[in-house]
Amino acid sequence: MSNLYPHLFEPLTVRGRTLRNRIMSAPNMLFQVYKGRPTDYYVGYLEHKAKGGAAIVNLGEVPVMDGGSHTPIIDLLPENWNIFGEMAAAIKQHGALASIELTHAGRRGRPWYNTKQLKGPNTEITEAGVYVESMTEADMEEVATAYADAAEFALKAGFDMSLIHTGHSWMLFQFLSPIVNKRTDKYGGSLENRMRFPLMVLKRVRERVGNKMILAIRQSGSERVEGGFTPADAAEFISKAQEYIDLVEITTDGWVYCMPSTYVPWATNRAFAHEIKQTGKVKIPLFLLGSIVSPELAEEILESGDADGISFSRALIADPAMPNKARAGRIDEITPCLRCMRCTDGDNATRFFRCSVNPCTAHETRVGFMEDITPAKYKKKVLVIGGGPGGIKAAVTAAERGHDVTLWEKKDVLGGTVRYAVNDDLKPDMQRYVKYLEKLPYRYDNLTVKLNTEATPELVEEFGADHIIVATGGKPIAATFIKGYEKAGEILDVYFKPETVKGDNITIIGGGLSGVEAGAYLASLGKKVTVLEKFTCLPGVGTTYGWGVMMAVQKYGVTLIEHADVQEVTDEGVIYEMNGEKVLQKADSVFYAVGVRSNNELFCQIADKAPFVDIIGDAAQSARIGEAVAGGYFAALDIGSF
Ligand SMILES: Cc1cc2nc3c(=O)[nH]c(=O)nc-3n(C[C@H](O)[C@H](O)[C@H](O)COP(=O)(O)OP(=O)(O)OC[C@H]3O[C@@H](n4cnc5c(N)ncnc54)[C@H](O)[C@@H]3O)c2cc1C
Ligand SMILES: Cc1cc2nc3c(=O)[nH]c(=O)nc-3n(C[C@H](O)[C@H](O)[C@H](O)COP(=O)(O)O)c2cc1C
Ligand code: SF4
């Protein structure tokens, strides 16, 4: 088979080491640290990325010293060498280079993760209300030495590369930023002065590790703020840094773009890389990061010359085996990332790493590698009912384990509820996911898909399965508590029955995620949309994803009215109460988005129609894609043990 991605799979030599391709697995903090020691979960997670084919696999951020943490402190102590050694070995045994990301949070450290006073370029009380002290030259010496100590520690543990964070508003970027850095000494003011301390750190690390380690930086290509650090500044800084470093990864500042949700364009930092390259100042390989969602896009970027390599974060969380699948031409099997932010949204202190589309990622140590599924002990005749994300994951997993699988879907297409996004161009990643779901089951000879087939107790009985998985999805909750609710449609009608969207003036009752996103979708089609919410909008929606939704709300001019207690839907529109007053919100069409409930009716009817009958996904409990996919996967793993 010919190589579909010749640029992506072209080897590269960096400081005498061979990168088997141009793919770097970006750093991810797992929040799997116990009393300063990373847990075994890190080992499995990193091994998966290496086994999946990336050339460099990064361990997520390791703060170099107390006072520099914004995530749980990781102790770089001799008693932890063995776990670091295990991480490096797990990566290298699969032919990748092991890299450690070294960070110092500076003014953005979190007091509860540190015992020492937080320090940064200036003395100040930060936006987070934290007192930060300006660094003296002695402090800078200490930090530079801490970086060198950390790199040496990693080298001894077997790591091939240190990735030093000079972006994302952490300490070294705080010095580079003309906005943040307000110093008047030789470390502030001109770019030359602002670069002085970051360059000192890089020099110190290089002097310590010599030729034994690749050094790279994770560099924000822009601050994305008027008057802030620019791509031209980045090019200048890299041109000086390359005396000490071997490779640069271009990321960005600005949190909406650092962790870009589906509302941010793909390859969001490409223009910065392009500009940096165009200066001709950068002689070392430049890797580009930021919503590069597929090998096709990566190949196109490399071919254009905008970058020499690609760094993927969430694409490899969603599917660590993406490089090897791309290499093998198994493109339709690559699980796309939704850029839904489930893996990272929420407060750092309670972060619980789960991926919507990949139930194994970050849990490999307990659940194994998804692509290493073993055949079942006993082969079964399996019936999966419902062709949404949960049913498809169950059917495909059961097929991979060698069962004889049949998937029934009552509609004429696969995909389930997420097909709502098919025409919603604000959700390009969900559109990719639907395409993936539509094709995937057809790749298995032992999986028969029957569309237009609605399961009934009689049909199920007649089929005679050994094991049934019910994945029939949820049911929208009707807004029966609102007078005249039958004059309104339910939110999925916006997508599945577009003919019910009459007129230009649309009101949506319910400001949860589905109501607000549907509002943004309709507004993107030119409708005037008002969302009425009894409490506050977007409850429970994670910070970074919420920012993305609000970007769309603002861009398309959706009106969100909170604390609006809806009383009645009339022919004129919606009457709601606010501050004791009744208000008429005129509307041509009204839709309600007040939730989804589980739908276990079929399950209850057929629970005795096979020795084993499972229920998963929204059918069991209304939730999200993540629960449906994990439910399908683990249910299928349990088939055939008895
Ligand atoms: C407007 C909206 C937006 C959403 N956006 C997101 C989002 O951005 N991210 C996210 O994580 N989640 C989102 N969700 C939730 C997500 O869609 C569901 O959690 C997910 O689709 C559940 O998957 P499932 O496989 O359990 O069920 P479904 O996707 O509902 O699939 C069930 C399938 O079963 C079929 N079926 C039903 N009965 C039978 C039968 N008797 N015989 C045969 N087939 C049958 C149905 O036709 C359907 O295809 C959204 C939901 C809504 C309503
Ligand atoms: C779960 C998760 C953890 C992350 N942890 C880190 C980290 O430890 N250090 C870091 O520099 N960036 C971290 N990031 C940011 C990513 O490395 C990357 O910059 C970001 O996901 C954008 O790349 P992508 O669009 O390819 O996902 C994390 C991102 C995610 C999703
Ligand atoms: S949780 Fe969502 S954003 Fe994170 S990797 Fe998975 S699909 Fe992508």
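**Strands, sheets and ligand shells in a predicted model**

Val-57 has Ala-98 of β7 as its bridge partner. This pair is a suitable point of entry into the structure, which is a predicted model. The chain has an average pLDDT of 96, and 99% of the residues score at least 70. Confidence reaches its lowest mean, 90, in strand β4 (residues 33–34), and its highest, 99, in strand β17 (residues 404–408).

The contact between Val-57 and Ala-98 belongs to a longer pairing, in which β6 and β7 are joined in the parallel sense over seven bridges. Helix α2 (residues 81–92) completes a right-handed β-α-β unit together with β6 and β7. On the pairing with β11 (residues 161–166), strand β7 is again parallel, here over four bridges, and Leu-102 stands opposite Ile-164 of β11.

The setting of β7 can be read from burial. In a regular strand, side chains alternate between the two faces of the sheet. Both faces of β7 are covered: Leu-97, Ser-99, Glu-101 and Thr-103 are buried on one side, and Ala-98, Ile-100 and Leu-102 are buried on the other. Because seven of the seven residues of β7 (residues 97–103) are buried, the strand is largely enclosed by the rest of the structure.

Strand β6 also leads to a ligand. Both β6 (56–63) and α10 (314–318) supply at least two residues each to the shell around ligand 2. This ligand is surrounded by 24 residues, the closest being Met-29, Gly-60, Glu-61, Ser-313 and Arg-314. By class, the shell of ligand 2 comprises 11 nonpolar, nine polar and four charged residues.

Ligand 3 has 13 residues around it, and those that come nearest are Ile-317, Cys-337, Arg-342, Cys-343 and Cys-355. The shell of ligand 3 divides into nine nonpolar residues, one polar residue and three charged residues.

Two loop residues deserve attention for their backbone geometry. Phe-31 lies in the loop between β3 (23–25) and β4. Its phi is near 55 degrees, a positive value in a residue other than glycine. Phe-31 counts as partly exposed because it has 19 C-beta neighbours inside 10 Å. Ser-169 occupies the loop between β11 and α4 (171–176). Although Ser-169 is not a glycine, its phi is positive, at about 65 degrees. Ser-169 is buried, since 20 other C-beta atoms lie within 10 Å and the threshold for burial is 20 or more.

A second region of the chain is organised around an open sheet of five strands in the order β18-β17-β16-β19-β30, with parallel pairing. Its edge strands, β18 (447–450) and β30 (612–615), each pair on one side only. From one strand to the next, the twist averages 15 degrees. Within this sheet, β17 and β18 pair in the parallel sense over four bridges, and Val-405 stands opposite Leu-447 in β18. Asp-404 is also found in β17. With 16 other C-beta atoms within 10 Å, Asp-404 is partly exposed. The C-alpha atoms of Asp-404 and Glu-303 are separated by 43 Å, the two residues being 101 residues apart along the chain.

Ligand 1 has a shell of 35 residues, of which Gly-386, Gly-388, Gly-416, Gly-473 and Gly-617 come nearest. Helices are represented in this shell by α13 (389–400) and α20 (625–637), each of which supplies at least two residues. The shell around ligand 1 contains 16 nonpolar, 13 polar and six charged residues.

The last sheet to consider has antiparallel pairing. Strands of a sheet pair through backbone hydrogen bonds, either parallel or antiparallel. Three strands, in the order β25-β26-β27, form this open antiparallel sheet. Its edges are β25 (565–569) and β27 (581–586), each pairing on one side only. On average, neighbouring strands of the sheet are turned by 30 degrees against each other, direction ignored. Strand β26 (residues 573–578) is joined to β27 by six bridges, and the two run antiparallel. Tyr-576 stands opposite Val-583 of β27.

Notes. Residues numbered from 1 in each chain as written. Chains lettered and ligands numbered in written order. Predicted model: local features only at pLDDT ≥ 70, side-chain atom pairs only at ≥ 80, totals over all residues. Near = placed C-beta within 6 Å. Nonpolar A, V, L, I, M, F, W, Y, C, P; charged D, E, K, R; others polar. Pairing = 2+ DSSP bridges. Axes fitted to C-alpha atoms, helices over the stretch in contact; angles between N-to-C directions. Buried ≥ 20, exposed ≤ 12 C-beta atoms within 10 Å, placed from the backbone. Right-handed = clockwise from strand over helix to strand, strands pointing away. pLDDT = per-residue confidence, 0-100.
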